[in-house]
Structure formats: structure tokens, C-alpha cells
Amino acid sequence: MKRYTLLLLSVLLVLGLLLSACAKATPTAAPQPEKTEQPQATEAPATEVQPAKEIVFYNWSEYIDPEIYTLFEKETGIKVVEDNFSSNEELLAKLQGGATGYALIVPSDYTVKIMIDQNMLAPLDQDKIPNLKNLAERFRNLYYDPGNKYCIPYQWGTTGIGYLDGQVDKPESWSVLFDPDPNAPYYGRMTMLDDAREAFAAALIYLGYDANTTDEKQLEEAKQALIRAKAALSGYDSDTYEDLLASGENLMAHGWNGDFLQAQEENENIAYTIPKEGGVIWVDNVCIPATVTPEQKLAAEMFLDFILRPDIGAMISEFNYYATPNKAAEANLDADFLNDPAVYPPQKVLDRLQFIKPVGDAEANYQRMWDEVKAAP
Ligand code: SPD
């Protein structure tokens, strides 16, 4: 009996050992991926964008007081370098051609619309531009950029005729250009803007048509008027035409109001008028191209905020003689300037002005016909 008990205990012990060995070999849970030692994840330091130390401003010539760059650099350490263009088409072609490196550009109204539609502009971070509050209400929702999502209106003005008072009669009509009198003193001593849309706008307005017509017959008539004008012109010029008037080399010029008023500092006989048929009104804007780096964009937005300050806004108008869209800046401007009808035209003149607008596919017709005008003898 004792032997049996011992035998039974031994059998039970062996069975128990076997069962426990089996239990260890049978997986009881889904296989787990092999665990490897992970390096301790280090928290990425919050990389706050720092403004670029230098930005390039692609602007019209003589459109900003260089002293403004000095003041901005003193305050922020950011240097602004300026490069110039002479027409919206030149600016557009340059950027469409792949030019990068510009942090700020100054397209006019219709060109802003074209650039937004082609995703060429970076949306503004308005939190970085608190001085936006200084913009006059009527410049906040313009058709080409409602809510100033992409651009800040910079200056606005008109296109008409400048002339040397006392040497020629006040030009009442665009006929001085498009049906010129070969015996008039200004014949051969006039310039027109080297600018397809501005030149066609002047001719179309003279002919009584819409400055943005897409009608090919009307465009052809305007082209013929522009070709007629050529005989009386000393050239096409958008950069130095006011200086040629100031020096007396020319007696009349198609151009932008502020440029003529600026040149009055050199020659007080320069006068400006908008012919009876009407003229062009425009708003130039400072915008940031879509190609900027975050650092350039931040520096560009700091500059936008700077030029929207009331004192700097006034400095801009005091330098270039164009009207400001900055309401707060008006308090720093002379009453004489704010009441000058050549800068702020009265309503009866405003009623005769047209904006140049995008014309879609017809843009190519304007450019082709402009090339034909320039190539004509
Ligand atoms: N000298 C600066 C002149 C700027 C004129 N820009 C106006 C363009 C309107 N088409």
C-alpha cells in the first residue's frame, strides 16, 4: 500500500511537471511585435520664424522716400533694397518668368486681380499688420482684393496730361495727342507712357469708348489713333518724362499726376490736367509674392505695418505727391496738399475717370496691337 502511494505520488508529480511545461509552451495572447529599445524622443524646440535681415522691394521709380528705408532699418534692423519696374506688364512678366527674391511688389488694381487669380500672391497675416486700421474705409473692399486679404493700397492717382504752362495752351482734349497739329509748338516735343493698357485707355477714352473694351473694331480704331500720335511724339517714356518737361526739352506728356507735381519742384510752370473726354484712375498696392520664404514674409509684413503708420504714410505722399489711402496720415499732411484738385480731383472730374480692368483673353490683343503700334513707322 505504501509502495502504491509512493508510485501514485510520483506519477502525479511527473504529470504535474509535464502539464506545467505544456502550459508554458502554449501562447495565450496574440503575438506582440518585438520590442526594441526606443531612443527617448526629444521635444522639437518651437521654431519661431525670425524676420529676414534684408528684403527686396520691387517698386515703381521715385515712388518712396529713401529716408523711410533708413528709419525702418534703425527700428527693426531690416535692410530694404529697391529695384524698379516701369509698367504692370513688366512686373507681371518678370514674376511669371520665375523671378524670385522679391519680398514686396507694387501692382496696380487690375494687376492685383490677375495675380490673385493666378495664385501669384501670398495671403497677408493681418495680425502682423495692426496699422491696417489706419486705412480709409473706402480702400478696404475694392473689387480686386476685398478685405485686403493680399495687398495694402499704397497710393492712388490719375492719368492725364502734363504740360509747360506759358509755353503751350492748356490741353483741353486728348486731340493734342491723337490728332496733333503739325504747327503746334508741342509737335515733336511730347511723350506717351510706355505702357500698353495706359496708352490704349487714353486712345479709347478719346474715341468715346470703354477703356476696357474687347471689341476688336474699337481696338483697331484706337491702334490707328496711337499710330497717328507717333509723328508728334519724341518717344515713349514712363520713367523720365516729367524730368524732360522740367528741363524744357519737352512741352507736353501723357503721364501720372504725382510725377508732374513732383517735377514742379524743378520747374514751377509744370501743370497737369485731365482732358474733357476723361482719363484713368488707379490704385497701386503693396503685396507679397507667393514665392517668399517665411522669413521674408515676416519682414515684409513688418514693413507693411511700418508704412501704414500715420507719420510714414504722410512722408510717402510728401515725397511722391500722390493721394494716400491712409486716413490717419491725413492729419500729418498740409491742407494745401489735401485740397489740391490735381491730387484729390473733385467729384465732377472723378465722374469722368475709368479704372483699367482685367480683360481676360483680350489682354493678348492689347499687347499684340501695342507691339504693332510701336513697330509702325
Ligand atoms: N513714379 C511712380 C508712378 C506710379 C504710377 N503707377 C500707376 C500705374 C497706373 N496704371
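**Exercise 1. Find the partner of Lys-113 and say how the two sit along the chain.**

Start with the pair itself: Lys-113 makes a salt bridge with Asp-117, and their closest N and O atoms are 3.2 Å apart. Keep in mind that you're looking at a predicted model. Next, check the cut-off: a salt bridge needs the nitrogen within 4 Å of the carboxyl oxygen, and the 3.2 Å between Lys-113 and Asp-117 passes. Now look at the helix. Both residues belong to helix α4 (residues 109–117), and because they are 4 residues apart there, about one helical turn separates them. Finally, the surroundings: Lys-113 has a relative accessible area of 27%, so it is partly exposed.

**Exercise 2. Work out which of Glu-137 and Arg-140 is exposed and which is partly exposed.**

First, the two side chains meet in a salt bridge, at 3.8 Å from N to O. Then take the accessible areas one by one. Exposed means over 50%, and Glu-137 has 60%, so Glu-137 is exposed. Arg-140 comes in at 24%, so this one is partly exposed.

**Exercise 3. Trace the salt bridge of Glu-363 to its partner, then see what else that partner does.**

Step one: Glu-363 pairs with Arg-197, with the closest N and O atoms 3.2 Å apart. Step two: place them on the chain. Glu-363 is in helix α14 (residues 362–375) and Arg-197 in helix α6 (residues 196–206), so this salt bridge links distant parts of the chain, 166 residues apart. Step three: both residues are buried. Step four: follow Arg-197 a bit further, and you'll find it over the face of Tyr-110, 5.4 Å from the ring centre.

Want another charge over a ring? Try Lys-357, whose charged end sits over the ring of Tyr-143, 4.9 Å from its centre.

**Exercise 4. Count the salt bridges and name the residues of a network they form.**

The count comes to 13 salt bridges. Some share partners, and in this way Glu-220, Lys-223, Arg-368 and Glu-372 are joined into one network.

**Exercise 5. Classify the ring pair Phe-57 and Phe-303, and do likewise for Phe-200 and Tyr-366.**

A search of the whole structure turns up 22 aromatic pairs. To describe a pair of rings, you need the distance of the centres and the angle of the planes. For Phe-57 and Phe-303, the centres are 5.6 Å apart and the planes meet at 65°, so the pair is edge-to-face. Phe-57 lies in strand β1 (residues 54–60) and Phe-303 in helix α10 (residues 294–307), so the pair ties together parts 246 residues apart in sequence. Phe-57 is buried at 0% relative accessibility, and Phe-303 is buried at 0% too.

Now the other pair. Phe-200 and Tyr-366 are 5.6 Å apart, centre to centre, with 80° between the planes, which again makes them edge-to-face. Phe-200 is in helix α6 and Tyr-366 in helix α14, so this pair ties together parts that are 166 residues apart in sequence. Phe-200 is buried, with 0% relative accessible area, and Tyr-366 is buried with 0% as well.

For a cluster of rings, look for Tyr-58, Trp-60, Phe-85, Tyr-102, Tyr-241, Trp-256, Phe-260 and Tyr-272, which ring pairs link together.

**Exercise 6. Decide where to be careful with the pLDDT.**

Begin with the overall picture: the average pLDDT is 91, and 88% of the residues score at least 70. Then turn to residues 1–39, where the pLDDT is below 50. Beyond near neighbours in sequence, that stretch has 0 contacts in the model.

Technical notes: Residues numbered from 1 in each chain as written. Heavy atoms only, no water. Helix = DSSP H or I, 4+ residues; strand = E, 2+ residues; numbered from the N terminus. Buried < 20%, exposed > 50% of the residue type's maximum accessible area, 1.4 Å probe, protein only. pLDDT = per-residue confidence, 0-100. Contact = heavy atoms within 4.5 Å. Phe/Tyr/Trp six-rings, centres within 6.5 Å; stacked < 30°, edge-to-face > 60°. Lys NZ or Arg CZ within 6 Å of the ring centre and 35° of its normal.
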